[in-house]
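Student: I'm new to this protein and would like a close look at one part. Could you walk me through the place where its two domains meet, and what sits around there?

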Amino acid sequence: MKTIVILTGAGISAESGIKTFRDSDGLWEQYRIENVATYEAWQRNQALVMDFYNQRRKQLMDVKPNAAHFALARLEEKYNVQIITQNVDDLHERAGSKNILHLHGELKKVRSSIDSSLIYELKGWELKKGDLCEKGSQLRPHIVWFGEEVPQIVPAAELSAKADIFIVIGTSLNVYPAAGLLNYVSAQHPKYIIDPNALNNYYISNLTIIKEKAGIAVSELVEELLKD
Ligand code: APR
């Protein structure tokens, strides 16, 4: 069985109704990264940071996976499929994909602020001041903030190096180290980028760029791959 590795970003969840970060109406137009998505922001104003992620978590309860998430789950009929997602939503899980590595954390989880190995599923959408881990520290969102280490990047790079086919969907490839994963894929293997605003300046061999929305393009590509 061939191995397909898929790197997803906010664009795959856009058609489910979740805003991306860097499109013209994106989240980073509304909020400043340094106020809500850094450890310094958390130290300065926990209430603001908690509220930002509480709103994202609340919204997640009202949205559903779209055609692109479901199409990727169907690939498992014929391939070993590994999803590496930058997204903190759980739409790949809800669509039925099995192997999902979350590079930037998960909205539905929270963790201890003194021991990063203490991770909990949050019941409901609201994390509150005074919600403590078993060691007595305030729980924080289980999110990799700007400037923090990306603990899953080594396994993600190893998986990318094993890909027979590599597909990138809905990411501006602005944020490293995630954006560098394409470089781990071996030169002779096919690679695809699906993004309506994909750039043209990639110097990567065997790369096909599909400038379309994920809902249509992922479904079409999956149909093709299932025929092979
Ligand atoms: N289908 C496919 N792609 C889409 C769609 C769609 N329907 N709508 C928008 N896009 C594309 C945009 O063209 C853009 O290139 O999705 C991409 C979204 O890019 P970003 O907003 O930068 O999101 P992402 O690349 O996932 O961001 C990476 O940055 O802020 C951090 O931690 C956050 O994980 C996030 C990381």
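Tutor: Here is a walk along the domain interface, followed by the ligand and a loop.

Keep in mind that this is a predicted model. Let's start with how the chain is split up. Domain 1 takes in 1-16 + 65-104 + 150-228, while domain 2 is made of 19-62 + 107-143. Measure from C-alpha centre to C-alpha centre, and the two domains are 25 Å apart.

Now for the place where they touch. On one side, domain 1 puts 13 residues in contact, and on the other, domain 2 brings 9. How much area is buried between domain 1 and domain 2? It's about 780 Å², and carbon and sulfur atoms account for 60% of that. On the domain 1 side, three residues stand out: Ala 10, Val 88 and Asp 90 supply 45% of the area that domain 1 buries against domain 2, more than any other three residues.

Asp 90 is worth a second look, since its side chain also meets that of Lys 108 in a salt bridge, with N to O at 2.9 Å. Across the interface of the two domains, the count of salt bridges is 1. As for polar contacts, there are 3 residue pairs between domain 1 and domain 2. Which elements give two or more residues to the side of domain 1 that touches domain 2? Those are α1 (11-14) and α7 (91-95). Sort that side of domain 1 by class and you get 5 nonpolar, 5 polar and 3 charged residues.

Next, the ligand. There are 22 residues around it, and the ones that come nearest are Arg 22, Trp 28, Thr 171, Ser 172 and Asp 195. Some backbone atoms take part here too. A polar backbone atom of Arg 22 is 2.7 Å from an oxygen atom of the ligand, and one from Phe 21 is 2.8 Å from a ligand oxygen. With Gly 11 the ligand atom is a nitrogen, 3.4 Å from a polar backbone atom of that residue.

Last stop: the loop between β7 (165-169) and β8 (191-194), where you'll find Pro 177. The peptide bond leading from Tyr 176 into Pro 177 is cis, and its omega is near 10 degrees. Leu 173 lies in the loop between β7 and β8 as well. Its backbone has something to notice: phi of Leu 173 is near 55 degrees, a positive value in a residue that isn't glycine.

Methods:
Residues numbered from 1 in each chain as written. Predicted model: local features only at pLDDT ≥ 70, side-chain atom pairs only at ≥ 80, totals over all residues. Heavy atoms only, no water. Domains from an automatic or database assignment. Contact = heavy atoms within 4.5 Å. Buried area = accessible area lost by both parts, 1.4 Å probe. Salt bridge = Lys/Arg side-chain N within 4 Å of Asp/Glu carboxyl O. Polar contact = N/O pair within 3.5 Å; in protein donor to acceptor, adjacent residues only side chain to side chain. Helix = DSSP H or I, 4+ residues; strand = E, 2+ residues; numbered from the N terminus. Nonpolar A, V, L, I, M, F, W, Y, C, P; charged D, E, K, R; others polar. Near = heavy atom within 4 Å.
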